[in-house]
Amino acid sequence: MNRPKNTYSIKIPKLGTTLTLNLLFFLTATWSGVGQKTILWSVTDTINHKESILLGTFHQFGNSFVDSIPEIKNALVQSELAIFESIEDADHTRKIIAKRERSLEIEKALRKRDLKKLKRISADWKVDLYRLKPIELRWKLQQVFQEIVCSTVQPTDTWDHLDNYLVHLAKENNIALMGLESDSLQLDFIEKEFDSPTWKKERKTIRLWIDKLITESIEEGDCELAEKYRRFDLDYQLDEDCPNDILIKERNKEWLKTIPDLVKEKDCFIAVGYRHLMYQCGLIERLRANGLVVEPIDLSHHLDN
């Protein structure tokens with residue numbers, strides 16, 4: 001399998017986008033030291049002579065970001081199996097939510113002027129606001145903020161979700177697909193991690209993100225993670241203990257029941273949120289512990305373009 005050397009159309013509206021709930025982590029992180037200047041890693045099984053690629057994703061980047069890094073698509077189309085967090089499309093998630101009963105709790109939680117702003121923001125969302133749970137709405141607003149205000153999605157992009165675009169490319173190139181979990185399970189993980197937060201608990205944060213989107217104002221740190229990802233400036237903190245949370249540690253534990261065996265059997269392309277690569281419990285260190293050689297692929301030359 002040849003590897004890169006270290007060497008159809010929708011408009012994205014200004015305020016609103018389709019609902020995607022693949023996880024994007026807006027957790028506070030301490031960025032220290034010099035990163036490996038990459039989001040792409042090679043995974044080699046020297047015994048079975050298998051070569052795989054591991055990509056850490058930032059879900060809310062559009063297709064132009066992927067297209068600007070040929071190594072990503074080259075690795076995907078040369079793989080025998082493409083592995084993602086989920087391979088269910090956005091319609092599947094929307095159908096799960098659409099089956100819920102409508103609730104008027106959102107009207108009790110938000111002031112009339114805030115609800116009016118929210119309805120303007122969500123005008124093009126393909127999901128009923130009255131069926132969203134508080135944490136889902138908060139995450140969705142944060143995601144849209146990244147896309148619009150932090151410019152992770154460009155006006156010319158036809159895909160507003162990095163992982164979904166890669167799934168599309170895999171299908172287009174007849175690459176076998178595998179999802180590590182279902183969208184319904186992802187929704188359950190969110191609820192468990194945040195202990196099913198109430199509207200009362202979340203309304204202040206929701207109001208904050210509504211105002212940020214309406215004014216398109218950026219405070220210090222709002223776009224820091226997106227900018228660091230854009231420049232491959234990630235500190236994977238591979239010597240640090242993993243945070244004790246469900247969204248990272250517990251999901252990694254489940255995924256690692258199958259991933260090591262798969263990369264010993266096939267040339268795989270694995271794309272998961274980049275935080276799943278971090279820390280001692282991350283995929284990089286755990287695959288190394290399984291006897292695999294995991295090395296960064298230098299992408300810094302793309303920063304000169």
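Leaving aside its neighbours within four places in sequence, which residues is Phe269 in contact with? In this predicted model, Phe269 is in contact with Ile53, Leu55, Ile72, Ala75, Leu76, Ser79, Leu81, Ala82, Ile83, Phe84 and Leu166, once those sequence neighbours are set aside. The residue is found in strand β5, and with a relative accessible area of 0% it counts as buried, because the limit for that class is under 20%. The C-alpha atoms of Phe269 and Ser52 are separated by 5.8 Å, although the two positions lie 217 residues apart along the chain.

The strand that carries Phe269 can be placed within an open sheet of 6 strands, which has mixed pairing and the order β4-β3-β5-β2-β1-β6. Its edges are formed by β4, residues 176-179, and β6, residues 293-296, each of which pairs on one side only. From one strand to the next the twist averages 20°. Strands of a sheet pair through backbone hydrogen bonds, and they may do so in either the parallel or the antiparallel sense.

Both senses can be followed from strand β2. On one side, β2 and β5 run parallel and are joined by 5 bridges, with Ala271 of β5 as the bridge partner of Leu55. On the other side, β1 and β2 pair in the antiparallel sense over 6 bridges, and here Trp41 stands opposite Leu54 of β2. Strand β1, residues 40-45, also pairs with β6, again in the antiparallel sense, over 4 bridges, and the bridge partner of Trp41 in β6 is Pro296. Strand β2 is mostly covered, since 6 of its 8 residues are buried. Helix α2, residues 70-77, lies across β1, β2, β3 and β5, and runs at about 130° to β5.

The turn from β1 to β2 deserves a separate look. This hairpin has 4 residues between the strands, and one residue in it, His49, takes a positive phi near 55°. Most residues other than glycine have a negative phi. The place of His49 is in the loop between the two strands, where a relative accessibility of 66% makes the residue exposed, because that class begins over 50%. Glu216 likewise has a positive phi, of about 50°, although it is not a glycine. Its place is in the loop between α9, residues 199-215, and α10, and with a relative accessible area of 29% Glu216 is partly exposed.

Turning inward, the largest nonpolar core has 84 residues, and those that touch the most other members are Ile39, Leu55, Leu137, Leu141, Leu166, Tyr229 and Phe269. Helix α7, residues 162-172, gives the most to this core, with 6 residues. Leu55 shows how such a position draws on several parts of the chain: leaving out residues up to four places away in sequence, it touches Ile39, Leu40, Ile72, Leu162, Leu166, Tyr229, Phe269, Ile270, Ala271, Val272 and Leu277. In soluble globular proteins, nonpolar side chains tend to be buried together.

Aromatic rings add a further set of contacts, and the structure holds 12 aromatic pairs. In one of them, Trp41 and Tyr236 meet edge-to-face, at 5.2 Å centre to centre and with 90° between the planes. This pair links distant parts of the chain, for Trp41 is in strand β1 and Tyr236 is in the loop between α10 and α11, 195 residues apart. Trp41 is buried, with a relative accessible area of 1%, and Tyr236 is buried with a relative accessible area of 1% as well. Another pair, formed by Phe84 and Phe269, is tilted, with 6.5 Å centre to centre and 55° between the planes. It joins strand β3, which holds Phe84, to strand β5, which holds Phe269, across 185 residues of the chain, and both Phe84 and Phe269 are buried. Ring pairs also link Phe58, Phe61, Phe65, Tyr229, Phe232 and Tyr274 into a cluster.

Rings also take part in arrangements with charged groups. The charged end of Lys140 sits over the ring of Trp125, 5.6 Å from its centre, and Lys212 lies over the face of Trp209, at 5.6 Å from the ring centre.

Definitions and conventions:
Residues are numbered from 1 along each chain as its sequence is written. This is a predicted model: local features need pLDDT of at least 70, side-chain atom pairs count only at pLDDT 80 or more; totals for chains, interfaces and linings use all residues. Side-chain values use heavy atoms; hydrogens and water are left out. Two strands pair if DSSP finds at least two bridges between them. Axes are lines fitted to C-alpha atoms, for helices over the stretch in contact, and angles run from 0 to 180 degrees between N-to-C directions. Contact means heavy atoms within 4.5 Å. Rings of Phe, Tyr and Trp (its six-membered ring) pair if their centres lie within 6.5 Å; planes under 30 degrees apart count as stacked, over 60 as edge-to-face and the rest as tilted. Buried means under 20% relative accessible area, exposed over 50%, partly exposed in between (1.4 Å probe, protein chains only). A charge sits over a ring if NZ of Lys or CZ of Arg is within 6 Å of the ring centre and within 35 degrees of the ring normal. A nonpolar core is a set of buried Ala, Val, Leu, Ile, Met, Phe, Trp, Tyr and Cys residues joined through side-chain atoms within 4.5 Å.
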